[in-house]
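Colleague: I would like a close look at a single part of this structure, taken slowly enough for a first-year student to follow.

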Amino acid sequence: MTRIVVVGASLAGAHSAAAIRKAGFDGDLLVVGREPHKPYDRPPLSKEFLTGGGDETRLPLPVAAEDRLEATWVIDAVAASLDVSGRSVMLSDGSSLGFDGLVVATGASARLLPASVGVTTADAVDQAPGSTVDSARDRDAAFWSSRGVVALRTLDDARHLRGLLVGAAQRQDPVVVCGAGFIGAEVASSARQMGLDVTVVDLAPAPLSRVLDESIGAALASYMQAHDVNLVMGESIESIDITADRVSSVRLSSGRELPAGVVVVGIGVVPETAWLEDSGLDLGDGPMSGLVVDRFCRAGDRIVAAGDVARWPNEAFGGRLMRVEQWDNAVEMGQYAGRSLMAALEGHHPDEPYRPVPWFWSDQFDRKIQLAGVISDDWHDTVGSPSEDRFVRTYFDGSTLCGVLAWNRPRQAIVGRQLIASQADRAEALERLTPAPS
Ligand SMILES: Cc1cc2nc3c(=O)[nH]c(=O)nc-3n(C[C@H](O)[C@H](O)[C@H](O)COP(=O)(O)OP(=O)(O)OC[C@H]3O[C@@H](n4cnc5c(N)ncnc54)[C@H](O)[C@@H]3O)c2cc1C
């Protein structure tokens, strides 16, 4: 019997498994996952899971619960390496899983505090252990987390963080969020809604300014400040003070000290490719890291990849190599990769390459920020401006629409995405995205 192994039991993995079955695969379908849970949704973890009492009932992914998936869930199991020519995945318990087709959907993990961040305790000054090696990384995460310094990626992280935030609210301990990207800003918003005193620290000049333009970051900064989030921009955390095995404060690059009962680390993610290091597959490098696949999501012979782990040439943007850390892409790429693998098993490739217009949303207090496509330096506000409650910014690559940012304007995000997909020119984009005067 033919066997397909999916490594990564989350959004992309579950959707690729479903697409494989939908395409008629009736062989053995194994889904391997490191977490002790079947696939669940991550976006609520920084939002309503924290503010809404830790409700887990809506987290499981419906696609993974479908009976017709008939998958064997090998969960709480870690893929340690891949033998491409031997067509086998080795697990950390020493067992191996042979395959005829493989989906790599191992996503990304939260980036840890750099080793340069020191730890100060009452009786010793030390450097935190810092390494990218898997086991050392887990040790670091456990070291920090047991002291109230946590990153947020998994359900278990979210359970722990929620407990810490509830405790901090009771004791009136302040929370420091390190990193003003999407996750950091969302956690700050949720913690404020839980009544906590929150300070966000980032080296960047404004929140989100590594991913969006600075004027939008400035608008978000004003909005966060209006909700009593303290922002310390242009500074980094130099060291973390631990008293009686708990974080008590953080020291900033300026020398300033901020009291802290909880520290949330939201400084980005790294693609989960450590287990592929000896496989011979192309894992990119530095800022371009991630498992490199072709336009049909193929990393090798009958090996495909999808979701946060994968980098591919997106022909919708001139073949630009993209790795996208977004929910919608994990779903679409997972489905596409499943179909592409089925095509490969039948000796061909899909008719169309994978060429999506990426789209994501983020919730900050009662605002919804959505971005379709990519940003550029050439922009035009078609609705309102960043100082208003609702606005829409369009981005152009030459004369072609390449991105639409919608701030509390969900309809324009949908229309914008369609216009980007159809490569609308400037005149058409501005006309369709500028509301008629009333
Ligand atoms: C708190 C939070 C909030 C978010 N909010 C939004 C949002 O508002 N909007 C949005 O667009 N996106 C959001 N995202 C991003 C979105 O959830 C991700 O893009 C999506 O989960 C990626 O899916 P994936 O399946 O590619 O990877 P992941 O969800 O990371 O899953 C990969 C799985 O593989 C497992 N794995 C890794 N290595 C191994 C191994 N060696 N062996 C076995 N298993 C392994 C991991 O444990 C994990 O379960 C958010 C993410 C987080 C964490």
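Colleague: Please look closely at the shell around the ligand: which domains give residues to the shell, and where does the ligand lie with respect to them?

Modeller: Please keep in mind throughout that this is a predicted model. The protein is divided into domain 1, made of residues 3-110 and 270-345, domain 2, covering 118-267, and domain 3, covering 366-433. Residues of the shell around the ligand come from both domain 1 and domain 2, so the ligand lies between these two domains.

The shell itself can be described residue by residue and element by element. There are 36 residues around the ligand, and those that come nearest are Gly-8, Ser-10, Gly-107, Gly-307 and Phe-360. Helix α1 (11-22), strand β2 (28-33), helix α8 (327-345) and strand β25 each supply at least two residues of this shell. Sorted by class, the residues of the shell comprise 18 that are nonpolar, 10 that are polar and eight that are charged.

Since the ligand lies between domain 1 and domain 2, the way in which these domains meet belongs to the picture as well. Their centres, taken over C-alpha atoms, are separated by 29 Å, and 14 residues of domain 1 are in contact with 16 residues of domain 2. On the side of domain 1 that touches domain 2, the elements giving two or more residues are α2 (48-51) and β8 (108-110), and α2 provides the largest share, with three residues. That side of domain 1 has seven nonpolar, five polar and two charged residues.

One of the elements of the shell, strand β25, also leads into another part of the protein, for it belongs to an open sheet of five strands with antiparallel pairing, in the order β25-β26-β29-β28-β27. In this sheet β25 (359-364) and β27 (378-383) are the edge strands, each pairing on one side only, while neighbouring strands are turned against each other by 20 degrees on average, direction ignored. Further into the order, five bridges join β26 (residues 367-373) to β29 (residues 400-407), and these two strands run antiparallel; Gln-370 stands opposite Ala-406 in β29. Helix α10 (residues 426-433) lies across β27, β28 (391-397) and β29, and runs at about 170 degrees to β28.

Technical notes. Residues are numbered from 1 along each chain as its sequence is written. This is a predicted model: local features need pLDDT of at least 70, side-chain atom pairs count only at pLDDT 80 or more; totals for chains, interfaces and linings use all residues. Two strands pair if DSSP finds at least two bridges between them. Helices (H or I, at least four residues) and strands (E, at least two) are DSSP runs, numbered from the N terminus. Axes are lines fitted to C-alpha atoms, for helices over the stretch in contact, and angles run from 0 to 180 degrees between N-to-C directions. Two residues are in contact if their C-beta atoms, placed from the backbone, lie within 7 Å. Domain bounds come from an automatic or database domain assignment. Ala, Val, Leu, Ile, Met, Phe, Trp, Tyr, Cys and Pro count as nonpolar, Asp, Glu, Lys and Arg as charged, and the others, Gly among them, as polar. A residue is near a molecule or strand if its C-beta atom, placed from the backbone, lies within 6 Å of it.
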